[in-house]
Amino acid sequence: MRKISMVDLKAQYDKIKPEIDNAISEVINTTAFINGPAVKEFQAALENYLGVKHVIPCANGTDALQISMMALGLKPGDEVIAPDFTFIATAEVIALLGLTPVLVDVDPDTFNISPDAILKAITPRTKAIVPVHLFGQTADMDAIMKIAKQYNLFVIEDACQSIGSDYMNADGEWKKSGTIGHIGCTSFFPSKNLGCYGDGGAIFTNDDALAIKLRSIVNHGMTVRYYHDDIGVNSRLDSIQAAVLKVKLQYLDAYARARQQVAAAYDHAFKGRPELIVPAHFTRSTHVFHQYTLQVKGVDRAKLQEFLASKDIPAMIYYPVPIHLQKAYLDPRYKAGDFPVTEQLSHTVMSLPMHTEMDSEQLNHITSSVLEFLDSKNI
Ligand SMILES: Cc1ncc(COP(=O)(O)O)c(C=O)c1O
């Protein structure tokens with residue numbers, strides 16, 4: 001059996017090696033390493049795929065979030081609402097810009113930000129909401145956009161884990177995750193659903209004026225060379241990464257289907273087991289399974305993880321500590337117990353290997369090992 005990993009980038013690369021190698025060689029041969037044609041081509045291809053007017057490539061997903069908040073003119077003291085259950089980058093950039101992160105709890109089924117919790121957290125200082133489409137399905141964007149409209153707030157979608165997910169709005173229209181709010185952000189970190197071979201990210205918007213601002217900020221705040229109208233940053237997607245992404249974008253939907261098949265096999269194997277809650281599917285959104293995340297009940301999670309490791313099966317805890325209990329984010333406004341769903345999830349979630357190259361032998365080994373543990377006296 002092939003070695004099981006959380007993501008198998010090598011096997012994925014092997015399948016598209018000639019295309020990737022050609023694309024990389026072309027950049028090297030032309031030496032157009034920064035802002036070369038590959039970047040423009042990928043940008044256009046992604047705009048077309050997403051059905052969005054503007055894609056602004058940048059250096060990573062964290063920068064995408066930060067640059068979005070800068071472009072919206074958010075100022076120290078402004079409050080930005082974000083989920084407590086997410087990767088740290090979401091809250092990190094809010095804090096880094098001197099804005100006030102206002103953390104809220106998530107839905108216990110989808111793990112996505114709770115619209116009711118958003119409503120309760122709004123104050124006269126609230127300026128923006130950052131829904132995170134966690135693990136690959138889009139948050140309840142209709143409810144979030146309705147709140148945003150009512151209170152005149154910006155919505156920055158953190159679509160770092162959800163690229164390719166489709167969301168059906170109340171009018172029955174399908175939109176791509178990340179293209180519903182004022183701005184959407186994604187990450188092309190290698191293990192992401194659309195991953196490059198280094199760091200990369202992008203910002204999406206349908207707003208022409210915002211697009212100009214975002215493009216300026218990613219490039220030192222200049223639209224005309226050496227004339228700086230904004231305080232910006234240096235955050236570019238390099239041409240080699242863009243060339244890789246242009247190739248891989250063609251396979252993104254097929255990759256999602258492969259992930260969905262793995263998820264369906266896991267769901268089937270774990271059906272009816274009271275110790276495991278399989279991922280819920282939000283009816284409005286497709287799930288692209290950046291992660292397949294179980295909740296374990298009445299099971300010693302650490303022992304299960306150890307047992308799987310003894311069978312060469314990795315399993316990860318995303319995320320073991322809620323943001324409000326992270327050392328760097330301790331704040332007198334929050335204490336343990338304030339976000340019961342997130343706190344509970346941090347003790348019960350476990351993500352199993354999920355990638356595009358999983359074969360049935362590997363899947364059987366994983367599912368039978370999980371079930372073997374549950375049937376043993378170890379739990
Ligand atoms: C939800 C979320 N937000 C932000 C990021 C940051 O992206 P990057 O690692 O490209 O900076 C990630 C990924 O790592 C993420 O999963």
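A residue is called buried here when its relative accessible area is under 20%, and exposed when that value is over 50%. On that basis, buried residues make up 56% of the 379 residues in the chain of this predicted model.

The chain holds twelve helices and 14 strands. Its radius of gyration is 21 Å, close to the 21 Å that the globule rule gives for 379 residues, so the chain is as compact as a globular protein of that length. Measured out along its principal axes, the C-alpha trace spans about 70 × 55 × 40 Å. Of the contacts with a separation of 6 or more, 73% come from residues 24 or more positions apart. On the outside, the chain exposes about 16,400 Å², with carbon and sulfur atoms supplying 55% of that area.

Helix H4 (residues 89–96) gives a picture of local packing. Its buried residues are Ala89, Thr90, Ala91, Val93 and Ile94. The cover over these buried residues of H4 includes helix H3 (61–71), along with strands S2 (79–83), S3 (100–104) and S5 (154–158). After H4 comes Gly98, with a positive phi near 80°.

Turning to charge, the chain carries 35 positive and 43 negative side chains, and the centres of the two sets lie 1 Å apart. The salt-bridge count comes to 18. One of these pairs sits inside a single helix: Asp14 and Lys10 are both in helix H1 (residues 9–30), four residues apart, about one turn of the helix. Their closest N and O atoms are 2.8 Å apart. In an α-helix there are 3.6 residues a turn, so residues three or four places apart point the same way. As for solvent, Asp14 is partly exposed at 40% relative accessible area, whereas Lys10 counts as exposed at 53%.

Another salt bridge joins Glu275 and Arg273, with the closest N and O atoms 3.0 Å apart. Glu275 has a relative accessibility of 13% and so counts as buried. The side chains of Glu372 and Lys311 also meet in a salt bridge, at 3.0 Å from N to O. Glu372 belongs to helix H12 (residues 360–375) and Lys311 to the loop between helix H10 (301–310) and helix H11 (340–348), so this pair ties together parts that are 61 residues apart in sequence. Both partners are partly exposed, Glu372 at 39% relative accessible area and Lys311 at 25%. Beyond these pairs, Arg2, Asp8 and Asp359 are linked in a network of salt bridges.

A few spots in the backbone deserve a look. Most residues other than glycine have a negative phi, and most peptide bonds are trans. Against that background, the peptide bond from Tyr318 to Tyr319 is cis, with omega near 10°, and Tyr319 lies in the loop between H10 and H11. Asn152, a residue other than glycine, has a positive phi, near 60°. Asn152 is located in the loop between helix H6 (141–151) and S5, and at 70% relative accessibility it counts as exposed. His220 likewise has a positive phi near 60°. His220 is found in the loop between helix H7 (208–218) and strand S10 (222–224), and is partly exposed, with a relative accessible area of 35%.

Notes
Residues are numbered from 1 along each chain as its sequence is written. Side-chain values use heavy atoms; hydrogens and water are left out. Helices (H or I, at least four residues) and strands (E, at least two) are DSSP runs, numbered from the N terminus. The radius of gyration is taken over C-alpha atoms; the globule rule is 2.2 Å times the number of residues to the power 0.38. Buried means under 20% relative accessible area, exposed over 50%, partly exposed in between (1.4 Å probe, protein chains only). Contact means heavy atoms within 4.5 Å. Accessible areas come from the Shrake-Rupley method with a 1.4 Å probe; for residues, only the protein chains shown count as cover. Lys and Arg count as positive and Asp and Glu as negative; His and the chain ends are not counted. The place of a charge is taken as NZ of Lys, CZ of Arg, CG of Asp or CD of Glu. A salt bridge is a side-chain nitrogen of Lys or Arg within 4 Å of a carboxyl oxygen of Asp or Glu.
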